[in-house]
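Thank you all for coming. I would like to take a few minutes to go through one structure with you, slowly and in order.

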Amino acid sequence: MSDASPSVVNIGLIGYQFMGKAHSNAWLQVPHFFDLPAQPILHTICGRTEAKTRQVAARWGWRHSETDYRALLENPEIHLIDITAPNHAHAELALAAAAAGKAVACEKPLARNLGEARAMAAAVKKARTPNFVWFNYRRVPALAWARRLVEEGRLGQVFHVRALYLQDWAKDPKVPLSWRFSGPEAGSGALGDLAAHSVDLVRFLTGDEFSEVCGLTHTFVKTRAPGQMVEGLTARVQAEGKARVRKVTVDDAVLFLARLRSGAIGTFEATRFATGHHNGNSVEINGEKGALRFYFEDFSYLDFFDDTLPRGEKGWRRISVTAGQDPYSGRYWPPGHVIGYEHTFINTAADIVRHLAGETRQFHANFDDGLRCQEVLEAVALSQRRREWVRISEV
Ligand SMILES: NC(=O)c1ccc[n+]([C@@H]2O[C@H](COP(=O)([O-])OP(=O)(O)OC[C@H]3O[C@@H](n4cnc5c(N)ncnc54)[C@H](O)[C@@H]3O)[C@@H](O)[C@H]2O)c1
């Protein structure tokens, strides 16, 4: 943030729906809860529909609204471009932001494919511009605390990682063919949308890297009518009248096995068809000295099994991560006064501002982390096509 005023970070946000709302809320709320070295300013929001963009700007307190993202890049007041557009726009927007010398924060997955992700990581490196990926689950307090326990060696050598990301919003065939079902727009389905989070979480929690994968993807509903999702993923959907059905060109579900470089082995499942699960993001790690497990819908809790205790004292412990033992939960309410989904974005926004103001040297997840994740996604897709194991070094 070399040309920035040290006291403010002016944000230009692109996109205003699901993630646009999560990010608007994060930028608005973060100074209320964190003592920050710089003030984030909701400077300009950009959307494609003028009236709607103005309406969203007024609701969240964005000072200006635009319909062409280039206006944000040309505005010298804006320091950070924050991308919440669908996946097909990530590369174009991030490359342009880096070329304009802006810091850039991008929603996950970093890109539709590995080629785009490589270009994006190279562009921010060349421009020497700060870069961030919104892998927000890294900043769930219970998972930040889990990372600390792993770093402190409380699990010892890791044997197993087991990650599930289960949703069920797509199983109704009347859910319309939004960008999320289009290969050209999304890159992939459950793989890039959900398994990307699991891959990132395993990298974050273990500090390990993937070495090879063997995957299978499946599409249950092969065609859908075009239309818009309204009010988020699980709520009402609105198909466009008599529109002709089109082919679904992404996976509805993905399963894969993995080997990590340390010798740990992993199983992964991500699906939009897991009846009864709305946002069932869970991860378990089994190590030589202990084990950890987390389930998103029990947001505040981390389960820990300490296998070093005397035999009669061993057992799963349910730790309420609300007492400020992690870097985030203590910023809000007293212990046991629980926080939730939107706070993962507020926590991420706090760390972005601190990094931009020079308070931290490293930020995770950055575009390199996004690229590492994309390599794994690409290898899983290639494995499905070849019907064999694929080494990450092959992609
Ligand atoms: N971190 C998370 O947990 C999480 C959750 C959901 C979505 N996401 C990611 O966030 C991104 C957006 O997802 P969403 O759920 O908000 O989608 P959405 O469909 O709800 O909203 C997309 C927004 O982008 C705008 N848009 C579409 N095409 C555009 C373009 N070419 N240029 C500029 N704006 C454009 C739309 O008008 C809309 O405002 C995706 O990359 C998705 O994978 C992340």
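I will begin with the sheet and then turn to a pair of helices. Please keep in mind throughout that what we are looking at is a predicted model.

Let me start with the overall arrangement, which is an open sheet of 6 strands, paired in parallel and ordered E3-E2-E1-E4-E5-E6. The edges are taken by strand E3, residues 64-66, and strand E6, residues 131-133, and because each has a single partner strand, one side of each is left without a neighbour in the sheet. If we ignore direction, neighbouring strands of this sheet are turned by 25° against each other on average.

Now to strand E1, which spans residues 8-14 and is mostly covered, with 6 of its 7 residues buried. Which strands does E1 pair with? On one hand there is strand E2, residues 39-46, which runs parallel to E1 and is joined to it by 7 bridges; within this pairing, Leu13 stands opposite Ile45 of E2. To get from E1 to E2 the chain passes through helix H1, residues 18-33, and the resulting β-α-β crossover is right-handed. On the other hand there is strand E4, residues 80-83, also parallel to E1 and joined to it by 4 bridges, where Gly12 has Ile81 of E4 as its bridge partner.

Ile81 also leads us onward along the sheet, since its bridge partner in E5 is Val104. Strand E5 covers residues 103-106, and 4 bridges join E4 to E5, the two strands again running parallel.

Returning for a moment to helix H1, I would point out that it lies across E1, E2 and E4, and that it runs at about 155° to E2.

That brings me to the helix pair. As a general matter, two packed helices are described by the angle between their axes and the distance between the axes. Here we have helix H8, residues 190-206, and helix H10, residues 367-386, whose axes come within 9 Å and cross at roughly 120°. An angle over 145 degrees would count as roughly antiparallel and one of 65 to 115 as roughly perpendicular, and H8 and H10 are therefore oblique to each other. The crossing in which H8 passes H10 is right-handed. On the H8 side the contact is made by Leu191, Gly192, Ala195, Ala196, Val199, Asp200 and Arg203, while H10 contributes Asp369, Arg372, Cys373, Val376, Leu377, Val380 and Ala381.

With that I will stop, and I am happy to go back to any part of this.

Key. Residues are numbered from 1 along each chain as its sequence is written. This is a predicted model: local features need pLDDT of at least 70, side-chain atom pairs count only at pLDDT 80 or more; totals for chains, interfaces and linings use all residues. A residue is buried if 20 or more other C-beta atoms lie within 10 Å of its own, exposed if 12 or fewer, and partly exposed in between; C-beta atoms are placed from the backbone. Two strands pair if DSSP finds at least two bridges between them. A crossover is right-handed if, with the strands pointing away from the viewer, the path from the first strand over the helix to the second runs clockwise. Axes are lines fitted to C-alpha atoms, for helices over the stretch in contact, and angles run from 0 to 180 degrees between N-to-C directions. Two residues are in contact if their C-beta atoms, placed from the backbone, lie within 7 Å. Angles under 35 degrees count as roughly parallel, over 145 as roughly antiparallel, 65 to 115 as roughly perpendicular and the rest as oblique. A crossing is left-handed if the near helix is turned anticlockwise from the far one by less than a right angle, and right-handed if clockwise.
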